[in-house]
Every structure is written in C-alpha cells, then in structure tokens.
Amino acid sequence: MAILKSKLGKIITSIAVVIVLLFGVVGYVGWYNLFREVPSEVYELPEDHFKYGSIGTEQAQGVPYWIWLVLPRIFPDKLPGPGGYTSLGITWEEGKELPVGFSKKTIGFPRVGITCAVCHHATYRENLKDKPTIIAAGPANRFDSQGYIRFLGNAASDPRFEPDYILDEIKYSHEFSWLENLLYRFIIIPQTKKGLLQQSADFAWTDSRPNWGPGRIDPFNPVKFTTLKLPKDDTIGNSDMMPLWNQKQHQNFALHWDGLETSLRETVQTGAIGDGATKESLPVEDLQRVEDYISELPPPKYPFAVDEQIATQGKAIFNNTCASCHAFGGERTGKVIPVEEVGTDRHRLDMWTQEAADTYNKFGDGYSWDFNQLRKTNGYVSVSLDGLWLRAPYLHNGSVPSLQDLLEKPENRPQSFYRGFDVYDQNKVGFISEGEEAQRVGFKYDISVPGNSNQGHLYGTDLPVKDKQALVEYLKTL
C-alpha cells in the first residue's frame with residue numbers, strides 16, 4: 001500500500017509539473033504575443049489613410065478585433081437601437097472591413113483603435129431612402145462618441161462578458177487555433193474586460209454632466225482628468241465636432257473653438273493623444289500624412305441647387321455684414337473674439353484652464369515631438385466659413401439647427417430640436433431637426449440644459465427678411 005501511494009504521489013506530482021509547464025509555456029507565448037507588433041497597413045490613398053490608418057491608439061485603448069466584432073451580437077440590449085454599431089452613428093463604406101474612423105493593427109493579436117476620422121467625417125442625404133454620402137474631414141454629425149464608450153463599458157460589466165459566451169460567438173466568424181483559444185480564454189478576454197471597465201471608470205464623471213449627443217464631444221475634460229491627471233472639476237466642455245478640411249488656408253488661425261492651439265501639427269498630435277495614443281505609440285510620420293491631407297483637402301461644394309441671382313445679392317450683404325470676421329483675409333477671421341462680445345455659451349471656454357495648458361505643454365518633454373503652443377484664451381474663434389453648409393448645427397455647442405435659425409434673435413431660435421439625422425434641409429440650410437423621423441433617430445437637444453444655450457452671435461439678426469434670405473443663399477456657396 002505504501003509503495004502504491006508513493007507511485008500515485010509521483011504520478012500526481014508529474015502531472016502537476018506538466019500542467020505548470022504547459023501554463024508556463026502558454027503564459028510565455030501569450031505574453032510575447034500580446035506585445036509583438038506588426039507594422040501598420042500602409043494605405044496608398046491619403047483619404048484612406050485618414051479614414052483607416054493607425055494613429056497609435058490600438059495598444060493602450062484598442063479592443064481585440066474578434067471581441068469588438070461580436071459585442072453588438074452578444075449585447076444588442078446595450079445599444080440604442082437595431083443595426084449594431086450603426087445605431088451609434090458609426091458609418092461603413094461599402095466593401096470595407098471596418099467603419100470609417102476605425103483602424104486595425106496587430107500587436108500580438110488584431111486590435112481595433114480609432115482614428116481622427118471617427119469624429120471628422122460627415123454624412124448627408126437628400127432623401128430618406130438615399131444612401132448616405134460620406135465627406136472626409138467633416139464634422140461627424142451622427143456619431144455618438146459617448147454612447148460608444150458607454151456601450152463598451154456596459155458590455156464589460158455584464159455577466160455575459162466571459163470567455164464561453166464570447167468564444168462561442170467568435171466561432172461563427174473565425175476559428176481559433178488551440179493556442180489562440182487558450183490565450184483568449186485566460187488572458188485576452190479577462191484583460192479586455194478589465195481594460196473596458198477601467199475606461200468606464202475613467203469616464204464616470206460624464207454621468208454627472210449633460211449628455212453629449214451625436215455630433216458632439218467634450219474633447220478636453222478627458223485630457224485634463226485622465227491624460228494630465230489634473231483634479232476633477234465640474235466644468236462642461238460639450239461642443240460640436242469641427243471640420244478639418246482646407247487647413248492650408250487656415251495658417252496663423254487660432255485652432256479649436258476657443259483658440260487654445262495655434263499649431264496645426266500640435267493639434268493633430270494632441271488629437272491622437274486625446275483619442276488614446278500614448279507618448280510611446282504616437283506615430284509622428286503617420287500623423288504628418290494626416291496633416292498633409294487635411295491641409296490640401298478642399299471644402300465640399302454645396303450639392304444642391306443654388307439661385308445664383310439671389311446669391312449674388314447675398315454676397316454683397318456678406319461683404320458688408322460678415323466678411324471682417326468670417327472671410328479669408330478678414331481683419332478678425334481666425335482670431336479669438338472675447339466671450340463678452342460674442343455672447344455665446346461660455347461653458348466650453350471655462351472648461352480649459354491655464355493650469356491645463358501649462359501641464360499639456362510639458363507633456364512631451366524628452367520626446368522627439370513636443371508641445372509648446374497650448375494656451376488659455378478669453379473667447380471663441382471667428383471661424384472661416386468654408387464648407388459652412390455641412391457644419392450644421394451651428395455655434396460652438398451646436399445649439400442652432402440651421403443658418404436660417406442663426407439669423408434670428410435667440411428668443412426666436414428653436415428651444416429644442418433633434419440632432420443626429422442626416423437628411424438635409426435645403427430650405428433652412430442645415431439638417432432636418434424636427435418631425436417623426438428626426439425624433440426617431442435623433443437626440444433631443446434642449447437649450448435650457450447647462451452648456452446648451454443658444455444665446456449670442458447676434459450679427460445679422462437685424463437684417464430685413466429678404467436680405468437674410470439672400471445671405472443664406474450666398475452662404476451655401478462657401
């Protein structure tokens with residue numbers, strides 16, 4: 001009996017050693033694979049690079065591709081409607097593996113990150129049944145960035161976010177090797193869950209602020225709180241996403257809504273960091289391609305009919321009323337106008353502080369790239385109006401749905417409307433913002449919510465009705 005027990009003990013010990021060695025090998029291979037980086041795909045066309053090329057977000061903020069792919073199928077109840085990711089205003093081009101604004105890079109395993117285009121591509125339709133036309137570098141009028149972040153966090157907090165559910169769903173799209181199965185089961189899925197829950201915690205402060213809604217984002221509070229590790233405050237930075245085209249004509253302009261930057265290069269690089277790139281992963285050469293592309297990209301032309309005779313009349317009105325602040329070569333174009341003068345909602349301005357600017361200017365110390373032109377201002381930029389027709393809703397916080405509404409006194413502008421619908425309103429010049437379909441797919445924007453005020457920018461509101469109509473007709477052509 002003693003001999004039998006001794007042999008049994010040796011067998012158990014041997015099995016335990018084999019198991020330990022097996023897990024050791026799997027762990028070593030897994031650890032190696034988790035960080036083995038494959039060069040990014042090179043896109044020949046600058047527009048494709050802008051839409052799909054890596055900006056360095058995959059390593060720190062990327063979601064494993066196969067997990068990302070199946071999340072909408074496992075958690076449709078966490079989305080605002082049917083259609084998977086498209087219910088969040090995410091746009092696919094026909095024949096493309098990933099939606100516009102998403103990149104795929106292998107760092108041990110394929111991971112999905114976001115690009116500049118996720119917030120900077122626009123869509124429009126003439127009619128409800130039309131296929132959306134995609135305009136690169138436009139403001140992403142339908143994308144609900146906050147909804148996307150919340151979807152990932154809500155999925156990760158669900159009990160179904162575990163290996164059996166996820167691996168079973170992945171099998172419908174892809175067959176893993178035995179090693180991949182082990183890596184996903186014991187390392188990748190648990191670590192993804194942990195990472196998404198941490199991201200959700202990093203954005204928990206948004207639960208106490210007004211929702212962003214589609215086409216809007218609070219771009220710099222996440223930088224303050226997460227990247228720069230500054231103390232959390234109660235500021236609201238909600239603002240419309242901006243167009244990026246035609247930057248060669250914007251040289252020496254103040255950048256961002258409040259002019260907190262003056263360097264396009266720094267703006268592109270800080271944009272990548274804001275999207276999730278790290279100091280180590282920031283791809284300077286790839287971002288230079290982005291900068292070159294948006295510098296040369298012309299603004300989109302108004303795609304519908306224009307009454308040229310009325311537009312000619314409107315041009316004279318524009319030159320007398322608007323050009324000094326909004327025409328290229330205008331005395332104040334691209335400069336910061338004090339908030340006391342322009343009178344628009346000041347929440348976005350107050351969100352960015354001198355401390356944040358000083359801290360961000362030190363962020364890249366010791367690296368080949370560096371920041372030194374971030375600053376604090378006292379107002380909002382008088383932007384040029386190239387491609388104005390596609391920038392609706394208007395003002396920095398997107399509080400006015402159309403150009404026609406913008407030329408009314410604030411008390412006569414809509415007090416609430418729906419944003420996120422991309423069928424174009426040719427009469428008012430903006431997107432359709434009321435009615436059954438706009439309400440069904442859109443986000444209700446209420447001007448009484450903090451940060452949503454439609455006050456200010458009274459320029460042109462005293463013009464006669466006919467002059468307003470002529471001015472709007474001309475603005476279509478910019």
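Helices and strands here are DSSP runs, numbered from the N terminus. A helix has at least four residues and a strand at least two. With those names in hand, the tour can start. Keep in mind that the model is predicted.

**The whole chain**

Show the chain as a cartoon. Its secondary structure comes to 18 helices and 13 strands. The radius of gyration is 25 Å, close to the 23 Å that the globule rule gives for 478 residues, so the chain is as compact as a globular protein of that length. Along the principal axes, the C-alpha atoms fill a box of roughly 110 × 50 × 45 Å. Buried residues make up 53% of the 478 residues. Take the contacts with a separation of 6 or more: 72% of them join residues 24 or more positions apart.

**A cis bond**

Select A392 and P393. The peptide bond between them is cis, with omega near -5°. Where is P393? P393 lies in the loop between β9 (379-381) and α16 (403-406).

**The largest core**

Now select F50, F318, W352, Y360, L390, L403 and L471. These touch the most other members of the largest nonpolar core, which has 77 residues. Helix α18 (residues 465-475) gives this core its largest share, five residues. Apart from this core lies another, of 44 residues. Among its members are W66, W68, L98 and F151.

Go back to W352. Which residues does W352 touch, not counting those up to four places away in sequence? They are F220, K224, D258, L260, A357, Y360, L374, R375 and K376.

**Helix α15**

Two of those contacts of W352, A357 and Y360, lead to the next stop. Select residues 354-361, helix α15. Its residues A356, A357, Y360 and N361 are buried. Look down the axis of the helix. The buried residues fall within an arc of 130°, so they line one face of α15. Next, add α8 (221-227) and α9 (264-275) to the view; both are included in what covers the buried residues of α15.

**Rings**

Colour the aromatic residues. The structure holds 33 aromatic pairs. Zoom in on Y302 and Y424. Why is this pair edge-to-face? The ring centres are 6.2 Å apart and the planes stand at 70°, so the pair is edge-to-face; planes over 60 degrees apart count as such. Y302 lies in the loop between α10 (284-296) and α11 (308-321), and Y424 in strand β11 (residues 424-425), so the pair ties together parts that are 122 residues apart in sequence. Both Y302 and Y424 are buried.

Move on to W68, Y85, W92, F102, F143, Y148 and F151. Ring pairs link these residues into a cluster. W68 and F151 also belong to the core of 44 residues.

**Charges over rings**

Select K104 and Y65. K104 lies over the face of Y65, at 4.0 Å from the ring centre. Then pick K279 and F363. The charged end of K279 sits over the ring of F363, 4.6 Å from its centre.

**Positive phi**

Two last stops concern the backbone. Select A137, in the loop between β5 (133-136) and α5 (145-156). Phi of A137 is near 75°, a positive value in a residue other than glycine. Is A137 buried or exposed? A137 is buried, with a relative accessible area of 0%.

Finish at H256, in the loop between β7 (239-240) and α9. Phi of H256 is near 70°, a positive value in a residue that is not glycine.

Notes: Residues numbered from 1 in each chain as written. Predicted model: local features only at pLDDT ≥ 70, side-chain atom pairs only at ≥ 80, totals over all residues. Heavy atoms only, no water. Core = buried A, V, L, I, M, F, W, Y, C linked by side-chain atoms within 4.5 Å. Buried < 20%, exposed > 50% of the residue type's maximum accessible area, 1.4 Å probe, protein only. Contact = heavy atoms within 4.5 Å. Arc of directions from axis to C-beta. Phe/Tyr/Trp six-rings, centres within 6.5 Å; stacked < 30°, edge-to-face > 60°. Lys NZ or Arg CZ within 6 Å of the ring centre and 35° of its normal. Rg over C-alpha atoms; globule rule 2.2 N^0.38 Å.
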